[in-house]
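Colleague: I'd like a close look at one spot in this protein. Could you walk me through it, and then put it in the setting of the whole chain?

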Amino acid sequence: MKNAITVESPTRVTLALDIIRKLDVGPLRGYHELGIVKRQITLADTLRVELLGDDCRHDVIECGDPRVPCDASNICVKACNLVREKFARRGFLKISIDKRIPVMGGMAGGSANAAAALRALDKIWGLGLTRDKFRELGRTLGMDVPFFFDGGTAFDSESTGVLEPIDANLKLHMVLAVPGFGVSTKEAYESIDYARAAKNTALTDTMRHALRAGDFDGAVKSMHNDFEIHVFERYPRLKEIRDGLLRAGCPAACMSGSGSTIIGIAYDCRHAEKIAAAVGCKTIVTETPG
Ligand code: ATP
């Protein structure tokens, strides 16, 4: 057991995203079945998690990014509450988040932080959590959280419990274009036109195959995101950014998650730096690990 620990909180991009359907029966009624190919990237926040003394009466969140809530609505506080309740632990924590992942950017930064916080709490409180237990706790916090315990590459339905690892054999370099505004996940879901859903699942199969086969061209051709059509209608600036990345030389560009970050694929890191310099908004150059 330790009193304080620093953990990295790497995030992911979505390389293929299908909106399949809204679930209207069962315990997950109201949730959406998706079909997402997620790929871990090196971009990460850093979390320092410290067990506070007995005189402290609540958890404390510190984060320099004003868009991240520092109260009980922070997903890291929810992770602390969940662990205290499930494992009868006492004591409050201070979590300092060094935020690099774009907020409200469709980059799952909050979910990545929740997973990292659970990993830190496991060490601090000596819980000895198994991978399955981590996933189960993660799922209580959010459908996007379980992916982060294994990371790597996976197909995730985010609702039906399907999280299939993909043995990916393809390194990707990319430029993340980060517009000056976020898109709320709620807003992105509100604008779904179900008549247009589940039309691109064959492309997702191609992506899975291409990643396994190390087929760069196949991956580039099958990159897509069903949210784009709806989100671009509301935010034409995002389509402009996507088109700008393609004009700057990306072989493929597409929105991550429910936006607003746009991913531009590059051939190598020098190419990524060149594209980043040519795009008229904030950019982050990143890559898949390993
Ligand atoms: P989602 O995971 O819902 O698709 P996103 O990836 O677009 O969302 P996040 O950066 O995860 O965006 O933030 C979503 C919301 O979660 C933000 O509006 C923020 O208020 C809230 N939030 C709570 N905790 C955190 C956290 N630790 N980091 C970032 N945002 C957080």
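Is His32 buried or exposed, going by its relative accessibility?

Modeller: Keep in mind that this is a predicted model. His32 comes out as buried, because its relative accessibility is 9% and the cut-off for buried is under 20%. As for where it sits, His32 belongs to strand β2, which covers residues 32-51.

Now for the company it keeps. Skip the neighbours within four places in sequence, and His32 still touches Arg21, Lys22, Ser157, Glu158, Ser159, Tyr189, Ile192 and Tyr194. Tyr194 deserves a second look: its side chain makes a polar contact with the side chain of His32, at 2.5 Å.

Zooming out, strand β2 is part of a protein with 10 helices and 11 strands. The radius of gyration is 19 Å, close to the 19 Å the globule rule gives for 290 residues, so the protein is as compact as a globular protein of that length. If you want a feel for the dimensions, the C-alpha atoms fill a box of roughly 55 × 45 × 35 Å along the principal axes.

Buried residues like His32 make up 54% of the 290 in the protein. Among contacts with a separation of 6 or more, 75% are between residues 24 or more positions apart. On the outside, the accessible surface is about 13,100 Å², and carbon and sulfur atoms account for 50% of that. As for charge, there are 39 positive and 37 negative ones, and their mean positions lie 1 Å apart.

Key
Residues are numbered from 1 along each chain as its sequence is written. This is a predicted model: local features need pLDDT of at least 70, side-chain atom pairs count only at pLDDT 80 or more; totals for chains, interfaces and linings use all residues. Side-chain values use heavy atoms; hydrogens and water are left out. Helices (H or I, at least four residues) and strands (E, at least two) are DSSP runs, numbered from the N terminus. The radius of gyration is taken over C-alpha atoms; the globule rule is 2.2 Å times the number of residues to the power 0.38. Buried means under 20% relative accessible area, exposed over 50%, partly exposed in between (1.4 Å probe, protein chains only). Contact means heavy atoms within 4.5 Å. Accessible areas come from the Shrake-Rupley method with a 1.4 Å probe; for residues, only the protein chains shown count as cover. Lys and Arg count as positive and Asp and Glu as negative; His and the chain ends are not counted. The place of a charge is taken as NZ of Lys, CZ of Arg, CG of Asp or CD of Glu. A polar contact is a pair of N or O atoms within 3.5 Å; within protein, one must be able to donate a hydrogen and the other to accept it, and residues adjacent in sequence count only if both atoms are side-chain atoms.
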